[in-house]
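I sat down with this one to look up strands, helices, cores and ring pairs, and jotted things down as I went.

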Amino acid sequence: MSESMKGLRRTHRCAEVVGAVEGTEVTVMGWVQRSRNKGGLIFTDLRDRSGILQLVFEEASCGAEVFEKAGSLRSEFCIAVVGTLMKRSAPNAQLLTGAYEVRAEQLRILSESETPPFPIEENAKTREELRLKYRFLDLRRPDIQRNIMTRSQIATITRRFMAENGFLEIETPTLIKSTPEGARDYLVPSRVHPGEMYALPQSPQLLKQLLMCSGYDRYVQLARCYRDEDLRADRQPEFTQIDMELSFADVDEVMDVNERLLKTLFKEVLDVDVALPIQRMTWQEAMDNYGSDKPDLRFGMKLHDVTELVRDCGFSVFTGAIASGGTVRGINAEGQGAMPRKKIDALVEFAKTYGAKGLAYIAIQEDGSFKSSFAKFMKPEEMDALTAALSGKPGDLLLFAADRNKVVWDVLGALRLELARQMDLLRKDDFRFLWVTEFPLLEWSEEENRFKAMHHPFTMPMEEDWDKIDSDPGAVRAKAYDIVLNGTEIGGGSVRIHQSEIQSKMFEVLGLSQEVAEQRFGFLLEAFRYGVPPHAGLAYGLDRLAMLMVGADTIRDVIAFPKVKDASDLMMNAPDTVEQKQLDELSICYRQAE
């Protein structure tokens with residue numbers, strides 16, 4: 001039967017007894033990890049968020065009533081124990097508290113527990129769907145608790161650092177106007193304005209720019225954001241940004257603040273020294289060398305452009321791609337020349353999922369001879385030139401893609417990462433940062449048959465490219481920058497447009513009429529008429545950053561109550577139907593899906 005605390009007050013968390021004076025009376029509370037009855041002794045492992053502590057119940061010292069009650073303890077019972085802290089005769093080096101134990105004198109069972117649907121233990125192999133259905137139990141696991149506590153630590157250090165550097169923490173609203181120029185909005189119907197909607201913010205972008213217009217100079221917020229988009233391991237429909245904006249700042253000042261923030265975080269949380277300044281690379285360099293705008297620098301395997309070497313060769317796959325305006329590029333998987341044909345075929349199928357029609361390969365044998373899918377179409381000197389271009393040597397595997405630039409980049413960028421996984425080149429404790437700069441301002445949308453902003457419509461173009469905005473919009477570069485860690489974009493930002501005429505021209509290039517621009521962004525354009533300071537900013541994905549810092553494979557392991565791939569919450573069974581009365585109040589009626 002459950003008991004109350006009856007005036008008991010916890011004196012220590014489990015791991016806090018380390019360093020306390022032997023013989024001290026302590027009161028500890030938590031959950032039973034396991035309990036072992038050895039006859040005259042009962043050993044119980046007590047768990048709380050700090051760790052595990054061994055309790056010892058001995059009938060001679062705790063009394064028959066307490067000893068009998070201790071014999072009823074089961075996993076996940078919630079208990080309170082008063083006892084004396086003692087040194088263990090046989091320390092357990094696996095536990096932080098392994099040199100100590102508590103000789104129990106009082107025991108209160110605060111609440112009993114049914115048998116959990118899975119073991120509450122570190123690195124459980126339980127199916128994720130089951131863990132998330134019982135997330136309140138999954139969150140008791142020590143590894144998940146460490147992740148959540150680390151995330152909290154990151155937030156605390158960030159707030160302190162930003163305050164010390166002159167930033168003001170200002171909250172922006174989460175019920176705002178829909179401004180559809182990015183991912184899909186989550187919409188919230190208004191009861192008092194029938195037929196009208198709020199949107200949940202995809203980011204506080206416009207609001208933080210308005211704060212710069214209002215003279216607040218340096219702003220920061222740990223902002224909740226919402227995007228109705230397809231999920232993946234590093235994406236959730238609701239997430240938290242470390243969001244910042246700086247007035248009278250350009251690229252270098254934003255980077256300086258953020259490099260120092262990252263250095264502080266990694267030193268205080270992980271005791272890892274981040275070397276400054278962080279390497280910078282233009283978007284074009286990143287795509288040409290790694291096939292990705294978020295390259296993983298933990299390993300090499302760069303892309304090599306061999307278009308000119310094979311322009312006049314006899315292999316029609318290469319020459320046909322070049323004739324259509326494409327390129328031929330390759331990568332060298334060093335030491336993989338003996339890869340079985342079955343595994344090579346699997347790589348070909350993998351490449352096809354990224355748009356490739358196939359892959360060409362050269363496996364360089366130990367004697368220097370070739371096994372190749374296309375050697376019969378090539379002259380010996382052409383094969384030699386190809387292998388030399390990729391620094392191929394005996395034992396290497398060379399892989400080539402030929403198509404439009406974007407397809408080749410996508411294919412070889414993904415293939416490079418897949419090979420790195422297979423070759424075990426991706427150490428989670430090797431933190432490689434990179435700034436990617438000078439993104440294209442615009443990208444062409446085949447679906448909408450128009451240019452769209454690569455980042456957002458408020459990004460400043462590079463001054464030296466602005467004269468191309470009418471003649472060659474795709475060639476205009478942006479004063480945009482992403483911070484990348486181990487192949488994951490953890491943050492992105494830009495210098496913002498602060499001149500009305502440039503902002504209006506941007507809307508025009510994006511196909512927005514003056515009327516539509518005023519309807520969607522009139523409040524911003526109005527603010528731009530009253531003395532706007534130059535400003536720039538950046539936002540991190542706090543969840544992604546925490547995921548990489550703790551070495552998790554998914555941001556679901558650093559978010560207390562995450563959604564699954566279809567954006568549903570398995571624990572709360574959300575989204576769910578609501579009462580008709582609620583719909584009537586909001587003037588909503590559903591149409592049957594066709």
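Before I start on burial: a residue counts as buried when its relative accessible area is under 20%, and as exposed when that area is over 50%. I also keep in mind that this is a predicted model.

**Entry 1: Asp-45**

I looked up Asp-45 and found it in strand β2. Is Asp-45 buried or exposed? Its relative accessibility is 10%, so Asp-45 counts as buried. I then listed what Asp-45 touches, skipping residues up to four places away in sequence: Trp-31, Val-32, Gln-33, Arg-34, Arg-36, Ile-52, Leu-53 and Gln-54.

**Entry 2: the rest of β2 and its partners**

Next I checked the strand around Asp-45. Strand β2 covers residues 41-48, and 7 of its 8 residues are buried, so the rest of the structure largely encloses it.

Which way do β1 and β2 run relative to each other, parallel or antiparallel? They are antiparallel, and 6 bridges join β2 to β1, which spans residues 25-37. For a register mark I noted Val-32 opposite Leu-46 in β2. β1 and β2 make a hairpin with 3 residues between them. Gly-39 sits in that turn and has a positive phi of about 95°.

β2 also pairs with strand β3 (residues 51-58), antiparallel again, over 8 bridges. Here my register mark is Leu-41, which stands opposite Glu-58 in β3. The link from β2 to β3 is a hairpin through 2 residues.

**Entry 3: the barrel**

I followed the pairing outward from there. What does it add up to? The strands close into a barrel of 5, in the order β1-β2-β3-β5-β4, with mixed pairing. On average, neighbouring strands of this sheet are turned by 55° against each other, direction ignored.

I also looked at the β4-β5 pair: β4 (residues 78-87) and β5 (residues 100-111) are antiparallel and share 10 bridges. Val-82 stands opposite Gln-106 in β5.

**Entry 4: helix α10**

I moved on to α10, residues 316-323. Which of its residues are buried? Phe-318, Ala-321 and Ile-322 are. They cover an arc of only 100° around the axis, which puts them on the same side of α10. As a reminder to myself, an α-helix has 3.6 residues a turn, so residues three or four places apart point the same way. On the other side of α10, I found Ser-316 and Ala-323 exposed.

The buried residues of α10 pack against α9 (307-310), β13 (327-333), β14 (360-364) and β16 (397-403). After α10 comes Gly-325, with a positive phi near 90°.

**Entry 5: ring pairs**

How many aromatic pairs does the structure hold? I get 16. I wrote up two of them.

In the Phe-266 and Phe-431 pair, the ring centres are 5.1 Å apart and the planes are at 70°, so the pair is edge-to-face. It links distant parts of the chain, 165 residues apart: Phe-266 is in helix α7 (residues 251-270), and Phe-431 is in the loop between α13 (405-422) and β17 (433-437). Both Phe-266 and Phe-431 are buried.

For Phe-374 and Phe-400, the centres are 5.9 Å apart with planes at 85°, so this pair is edge-to-face too. Phe-374 is in the loop between β15 (370-372) and α12 (380-389) and Phe-400 is in strand β16, so the pair ties together parts that are 26 residues apart in sequence. Phe-374 and Phe-400 are both buried.

I also noted one aromatic cluster made of Phe-315, Phe-318, Phe-374, Phe-377 and Phe-400. Phe-318 I had already met among the buried residues of α10.

**Entry 6: the cores**

The largest nonpolar core has 95 residues. Which of them touch the most other members? Met-244, Phe-266 and Phe-433 do. Beyond its neighbours within four places in sequence, Met-244 has contacts that include Met-162, Phe-167, Tyr-219, Leu-261 and Tyr-540. There is a second, separate core of 24 residues, with Val-17, Val-26, Ala-70 and Leu-73 among them.

**Entry 7: Ala-539**

Last lookup: Ala-539, in strand β22 (residues 535-541). Its relative accessible area is 15%, so Ala-539 is buried. The C-alpha atoms of Ala-539 and Gly-493 are separated by 6.3 Å, though the two residues are 46 apart along the chain. Leaving out neighbours within four places, I have Ala-539 in contact with Gln-241, Ile-242, Asp-243, Ile-490, Gly-491 and Gly-492.

Methods: Residues are numbered from 1 along each chain as its sequence is written. This is a predicted model: local features need pLDDT of at least 70, side-chain atom pairs count only at pLDDT 80 or more; totals for chains, interfaces and linings use all residues. Side-chain values use heavy atoms; hydrogens and water are left out. Buried means under 20% relative accessible area, exposed over 50%, partly exposed in between (1.4 Å probe, protein chains only). Helices (H or I, at least four residues) and strands (E, at least two) are DSSP runs, numbered from the N terminus. Two strands pair if DSSP finds at least two bridges between them. The arc is that of the directions from the helix axis to the C-beta atoms. Contact means heavy atoms within 4.5 Å. Axes are lines fitted to C-alpha atoms, for helices over the stretch in contact, and angles run from 0 to 180 degrees between N-to-C directions. A nonpolar core is a set of buried Ala, Val, Leu, Ile, Met, Phe, Trp, Tyr and Cys residues joined through side-chain atoms within 4.5 Å. Rings of Phe, Tyr and Trp (its six-membered ring) pair if their centres lie within 6.5 Å; planes under 30 degrees apart count as stacked, over 60 as edge-to-face and the rest as tilted.
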